[in-house]
Amino acid sequence: MADVITLQGLTKRFGQQTVLNGVDLDLQSGEILGLIGPSGAGKSTVIKTTLGMEFADSGSAKVYGAEMPNRVLLGQIGYMAQSDALYTTLTGRENLEFFAVMKGLPKDTLGAEIDRVAQVVDLTGDLGKRVSGYSGGMMRRLSLAIALLHSPRLLVLDEPTVGIDPALRIRIWEELRRAVQAGSSVLITTHVMDEAEKCDRVALLLGGKVMAFDAPAKLEADYNVDTIEEVFLKAEGEL
Ligand SMILES: Nc1ncnc2c1ncn2[C@@H]1O[C@H](COP(=O)(O)OP(=O)(O)O)[C@@H](O)[C@H]1O
Ligand SMILES: [Mg+2]
């Protein structure tokens, strides 16, 4: 296994507020790593700093051994931001076409690839509608479909399943597992604890630090509890 993402002593301040206070983390090739923590814990900041969208005050963030931002690597990453960045006056299909072209997908396979990702997020029947008429959950699904285009070797997903119903959530997790089996690696943030159980490893972000980092079953054993939710509550009590 090789390091896909390596964070060492990552520290990030916004004004007087220290949001990340020495975060150490690694994502290994072929795993799903879940970053969990309460709202405001700094999960999105970890992702943005990792991808070079925010600069760290100290420490280092590397993706495939390189400092970000790196244009070549960005083309290999499927990033889904927490807030949807979609063209609302265009249809779902037009959005997918736009991002597919941006990602350099070959014209001859573009249609088939759009159909594939639309099916994963169950948007096939809605692709002809304007995004301005989509619900919040549909917009999340379209953003996820865009991230999945071209089967990137690294998926970075910031709360991808917010507003998505349980049945589709299960399908999305099956797709993530399938992507990993095909050689991708996934960094995902969530505050849904049952999703944390589905990750290969889970990192608990609390007080600007990674308080616990291991396989879900190992964390539950270490903390002598049955669920990640309880691990989380115990770790919070230790702060
Ligand atoms: N660009 C910014 N400027 C100032 N404060 C920010 C900025 N981005 C995030 N923060 C603050 O950093 C903290 C962590 O935010 P965030 O990383 O979005 O947390 P999470 O994703 O875990 O909910 C919050 O208190 C938030 O208000
Ligand atoms: Mg966030």
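**Note on the sheet and the ligand 1 site**

1. Arg13 has Thr18 of strand 2 as its bridge partner. The model discussed here is predicted. Strand 1, residues 3–14, is joined to strand 2 by 9 bridges, and the two run antiparallel.

2. Strands 1 and 2 belong to an open sheet of 4 strands, ordered 2-1-4-5, with antiparallel pairing. Strand 2 and strand 5 (66–67) are the edge strands, each pairing on one side only. As a general matter, the strands of a sheet pair through backbone hydrogen bonds, either parallel or antiparallel.

3. Strand 2 (17–28) also contributes to the ligand site: this strand and helix 1 (43–50) each supply at least two residues of the shell around ligand 1. Helix 1 provides the largest share, 3 residues.

4. The shell around ligand 1 comprises Phe14, Gln17, Val19, Pro38, Ser39, Gly40, Ala41, Gly42, Lys43, Ser44, Thr45 and Glu54. By class, these residues divide into 4 nonpolar, 6 polar and 2 charged.

5. Several polar distances to ligand 1 merit attention. A polar backbone atom of Gly40 is 2.7 Å from an oxygen atom of ligand 1, and a polar backbone atom of Lys43 is 2.8 Å from an oxygen atom of the ligand. For Thr45, a side-chain N or O atom is 2.5 Å from a ligand oxygen. Of the 560 Å² that ligand 1 exposes when taken alone, the protein buries 63%.

6. Which pocket does the space taken by ligand 1 represent? That space is the second largest pocket.

Terms used:
Residues numbered from 1 in each chain as written. Chains lettered and ligands numbered in written order. Predicted model: local features only at pLDDT ≥ 70, side-chain atom pairs only at ≥ 80, totals over all residues. Heavy atoms only, no water. Near = heavy atom within 4 Å. Polar contact = N/O pair within 3.5 Å; in protein donor to acceptor, adjacent residues only side chain to side chain. Areas by Shrake-Rupley, 256 points an atom, 1.4 Å probe, with all protein chains shown as cover. 1 Å grid on protein atoms, 1.4 Å probe; cavity = no way out; pocket = protein on both sides within 12 Å on 5 of 7 lines; lining within 4 Å. Sits in = over half its atoms within 2 Å of the grid points. Nonpolar A, V, L, I, M, F, W, Y, C, P; charged D, E, K, R; others polar. Pairing = 2+ DSSP bridges.
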